[in-house]
Amino acid sequence: THPDFQAAIPILKQIEAAGYEAYFVGGSVRDALLGLPIHDVDIASSAYPEEIKQIFKKTVDTGIQHGTVMVLDHGVGYEVTTFRTESTYQDFRRPDQVTFVRSLAEDLKRRDFTVNALAARHDGSVVDMFAGLADLKAKRLRAVGDPQARFHEDALRMMRAVRFESQLGFAVAPATQAAIAENAPLLAHISVERIASEFTRLLLGQDRNAGLATFLATGLYRYVPQMATKAKALAAFGQLPDTPIASAAVAWTLVCHCLALPVAATMKAWKQANDLNHLVQNAVGLLPKLAATTPWDLYLAGKAAVDVAAAAQAYLQPGFDPAPVQAAYAALPIHSSRDLALNGRDLMTHGMRPGPQLGQTLKRIEQAVVCGRLSNQMESLLAAAMDE
Ligand code: ATP
Ligand code: MG
């Protein structure tokens, strides 16, 4: 057993000693069986939240309305979730209302893919109701039960399928893929944030191109922001070298560049954070100029964007060496207006009036320093400013 499970075994045993069932479930079981690092150990139990709270001294109500209580054990938190069903699905989304049940089988039935519907006892034995172990071995993503019904219940599962395909390097089973193709329009009912989270994880996965191919072949791409008319460019993007992409910034830079998308509007439409939006804007702007950048280009883009653009270029041009452009950035005389040996206050001390003209003068001085036409010393900068 995995060391992370090892530490949680006493929790399972304590729940059982109180007369209830408890299992490891979900992604942690799947990842442990695959020999992958596991993030969070999820525990499912027949005990209701109030009953869990009676068994353990220290608990936190992290998601009690969904049946989740966090059990604190020597400073480590374990999420224990009551077996539940999600019987009433509305608008093709998972419901907020859940029904607690006492049966593991009922709980496993509501899960999305067979490899995510495995449960493990504290002795390491596995409950495998849907042949998930065989699918795990075959590296196959198969919906639990009738795929049509499952994607109808919750359309996000279709994005989860292509995300897991990329993340795990699994293939989507034919009937499951056919059901995605048929139900792809239902994605329109899912919030952009949740779609974006799955899509970014697809982009960062080990088998990105396989995930993208299914995203394309099933027509899912038609129901996400900005991509409906980009089938051809998406296909080309899906042919880039399959080495994993290191960050969301590099991934979105490549997406915006390859699909010729307007960066600011796209990042907004995908509800991405402002700082990521700015970074990607700068990186995409720099990308086509990377072979012949001016110091001013590099300076305006900033270090983070230079690194992101260089990393992205390595996918567009295999063998691209990022070192020269990074060295050129490092060699800039200054890296920010804060580094300038002259500021607005200095100019005013020397008699210049505040206002837009002062700002323009400073900008010209800044550019001259960045491009090496002026050395960054107070005297020479002041002289140049007074000369204007
Ligand atoms: P990871 O943590 O790497 O994202 P995971 O499989 O643990 O993978 P979670 O989103 O953490 O994914 O969900 C935990 C478990 O809950 C899943 O393994 C699955 O059994 C179930 N699950 C999550 N989302 C859904 C869904 N939309 N429909 C059905 N079951 C789901
Ligand atoms: Mg998880």
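Count the secondary structure elements and you get 20 helices and 11 strands in the protein chain. The radius of gyration of this chain is 27 Å, well over the 21 Å from the globule rule for 388 residues, so the chain is more spread out than a compact globule. Keep in mind as you look around that this is a predicted model.

The box around the C-alpha atoms tells you about the overall dimensions: along the principal axes, they fill roughly 85 × 50 × 40 Å. The domain layout is worth tracing next. Domain 1 covers 1-138, domain 2 covers 143-224, domain 3 covers 241-332 and domain 4 covers 337-387. If you take the centres of domain 1 and domain 3 over C-alpha atoms, 41 Å separate them.

What about the inside of the chain? Buried residues account for 46% of the 388 residues. Look at contacts with a separation of 6 or more, and 63% of them are between residues 24 or more positions apart. As for the outside, the protein chain exposes about 18,000 Å², with carbon and sulfur atoms supplying 53% of that area. On the charge side, there are 37 positive and 39 negative side chains, and the centres of these two sets lie 3 Å apart.

Now for a couple of backbone details. Most residues other than glycine have a negative phi. K139 goes the other way: it is not a glycine, yet its phi is positive, at about 55°. You'll find K139 in the loop between α5 (132-138) and β10 (140-141). Its relative accessible area is 43%, and because partly exposed covers the range between 20% and 50%, K139 falls in that class.

Q226 is another residue of this kind, with a positive phi near 70° though it is not a glycine. This one sits in the loop between α10 (208-217) and α11 (231-237). Q226 also counts as partly exposed, at 32% relative accessibility.

Step back into helix α10 and you come to T214. Is T214 buried or exposed? With a relative accessible area of 5%, T214 is buried, because the cut-off for that class is under 20%. Which residues does T214 touch, leaving out those up to four places away in sequence? The answer is V162, E165, V172 and Q177. So from α10, which holds T214, you can follow the chain on to the loop with Q226, which lies between α10 and α11.

Technical notes: Residues numbered from 1 in each chain as written. Chains lettered and ligands numbered in written order. Predicted model: local features only at pLDDT ≥ 70, side-chain atom pairs only at ≥ 80, totals over all residues. Heavy atoms only, no water. Domains from an automatic or database assignment. Helix = DSSP H or I, 4+ residues; strand = E, 2+ residues; numbered from the N terminus. Rg over C-alpha atoms; globule rule 2.2 N^0.38 Å. Buried < 20%, exposed > 50% of the residue type's maximum accessible area, 1.4 Å probe, protein only. Contact = heavy atoms within 4.5 Å. Areas by Shrake-Rupley, 256 points an atom, 1.4 Å probe, with all protein chains shown as cover. Lys, Arg positive; Asp, Glu negative; His and termini not counted. Charge placed at Lys NZ, Arg CZ, Asp CG, Glu CD.
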